[in-house]
Number of protein chains: 2
Amino acid sequence: MNQRRSHTGRRRNEAARRAILDAAVALLGAADGTPVTIDTVAAAAGVGKQTIYRWWPSKGAVLLDALAERAAAEIVPPDTGDLAADLAAFVRATFETARRPGTLAALRGTMAEALRDAHAGELMRAFAERRRAALRAVLDAARARGEIRADADLELAADQVFGVLWYRCLVGHAELDAASADRLAAAVAAQLRPVSAGGGPGTGTVAP
Amino acid sequence: MNQRRSHTGRRRNEAARRAILDAAVALLGAADGTPVTIDTVAAAAGVGKQTIYRWWPSKGAVLLDALAERAAAEIVPPDTGDLAADLAAFVRATFETARRPGTLAALRGTMAEALRDAHAGELMRAFAERRRAALRAVLDAARARGEIRADADLELAADQVFGVLWYRCLVGHAELDAASADRLAAAVAAQLRPVSAGGGPGTGTVAP
DNA sequence: GATTACCGAGACTCCCAGTCTCGTCAAATG
DNA sequence: CATTTGACGAGACTGGGAGTCTCGGTAATC
């Protein structure tokens, strides 16, 4: 509450913060089966364990922090003025980022931690919400241009995109390739378009 | 390899097998935060730990076994002769089953184990494949009836359905309600329909 | 009755998240 | 420059859980 002295003593070591986040990402994405434990992260960062726990409440918090930093920096929301193009660009960029070496393993490891620890789960929820908000910005811009039908469920559309991403990432049965991204984006764009605008899969006369 | 005596000695206790699987599901779905460990499962089943490890190679194998048994029994693939109706029925049934008390927690716990243990991950991949096969059966039947466009990506369609399911289950930001199931089924059905059949969101004249 | 294999119980090892303590080092105060 | 404050690296320590091992007991086969 009262702070007679603003902030005496040694300051936080920014280099250590960076080293910890970088080491966490590096270990998560390591091809060999190096376990991602607090000890290995601390050792890889050249840092004491307590330095990690001084600034993050749990291992999951570190991973989520590292992950969020990456995702926000990698994917810049496009705005070409066309729903189909914007959506395709967003989904392609998202899949492409996830496909980068080590990223899938990092996503898996972070989700594992989010499922194990309730606090990390909360952070994962917040992270996912931020990612959906980025996609929603694209959709909202399209809606403002009248490219989206009135009764469209934008939340469901966003969940379809990130659902496919996470499902394939976690189960590992299929690739997150560019072709899938394009098809997925096209399908979602078609389902959001106004009924009178046409152009998607359902184009043509009404069923008999 | 050679088996001079067919099978001497005491036989496997079927009651114990059932008790173990039931206890695993019960603990996974328990509302209180009871940890799902091998010890708690063994205790709840009234069984020694070794009896579990004698028949299953890991904790994850038990959970996957219990989960697969449930899912296969709960969801019977519909066949009304109409893609939209069948798909809606399948997705509704799937969401409904997942929404039953404790099931979401069970799915989360099992996925957590699948991410932690490579062997459990393999079993999860097989489980997911079986679930997609059930959905694919519905889609293949529709394709045989000519209700599906030639260039449709059935794998992607299936991943959209199960992607939304798992994404909402694991992140926990939205409900798996019947309305979402219907909208999702309708969207996927529309994206699979032949271009000349119409009836979906894209109905109407071609864009100017 | 001897052999074989499953059973419940529980001690044990190994690994890892998170805590605690130590001696040290840097920033602010006076 | 001396003192105070707090971050730092290192590492011992606790607690819990996965998986192994052993034991005495019990059911099925020979």
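**Close-up 1. The protein surroundings of DNA strand C.** In this predicted model, 30 residues surround DNA strand C, and the closest are Arg11(A), Lys49(A), Gln50(A), Lys59(A) and Thr51(B). Look at which part of the strand faces them: sugar and phosphate make up 72% of the DNA strand C atoms that come within 4 Å of the protein. Sorted by class, the surface near the strand has 12 charged, 12 polar and six nonpolar residues.

**Close-up 2. Helix H3 from both chains at DNA strand C.** Here we pick out H3 (49-55) of chain A and H3 (49-55) of chain B, each of which supplies at least two residues of the surface near DNA strand C. H3(B) gives the largest share of that surface, with five residues.

**Close-up 3. Side chains reaching phosphate and base.** Zoom in on Arg11(A): an N or O atom in its side chain sits 2.2 Å from a phosphate oxygen of DNA strand C. Lys59(A) also has a side-chain N or O atom by a phosphate oxygen of the strand, this time at 2.6 Å. For a base contact, turn to Arg10(B), where a side-chain N or O atom is 3.1 Å from a base oxygen of DNA strand C.

**Close-up 4. Trp166 in the largest nonpolar core.** Now for the protein interior. The largest nonpolar core has 92 residues, and Trp166(A) and Trp166(B) touch the most other members. Leaving aside residues up to four places away in sequence, Trp166(A) touches Leu107(A), Met111(A), Met124(A) and Phe127(A) in chain A, plus Tyr167(B) from chain B. As a bit of background, nonpolar side chains tend to be buried together in soluble globular proteins.

Note on methods:
Residues are numbered from 1 along each chain as its sequence is written. Chains are lettered from A and ligands numbered from 1 in the order in which they are written. This is a predicted model: local features need pLDDT of at least 70, side-chain atom pairs count only at pLDDT 80 or more; totals for chains, interfaces and linings use all residues. Side-chain values use heavy atoms; hydrogens and water are left out. A nonpolar core is a set of buried Ala, Val, Leu, Ile, Met, Phe, Trp, Tyr and Cys residues joined through side-chain atoms within 4.5 Å. Buried means under 20% relative accessible area, exposed over 50%, partly exposed in between (1.4 Å probe, protein chains only). Contact means heavy atoms within 4.5 Å. A residue is near a molecule or strand if one of its heavy atoms lies within 4 Å of it. A polar contact is a pair of N or O atoms within 3.5 Å; within protein, one must be able to donate a hydrogen and the other to accept it, and residues adjacent in sequence count only if both atoms are side-chain atoms. Helices (H or I, at least four residues) and strands (E, at least two) are DSSP runs, numbered from the N terminus. Ala, Val, Leu, Ile, Met, Phe, Trp, Tyr, Cys and Pro count as nonpolar, Asp, Glu, Lys and Arg as charged, and the others, Gly among them, as polar.
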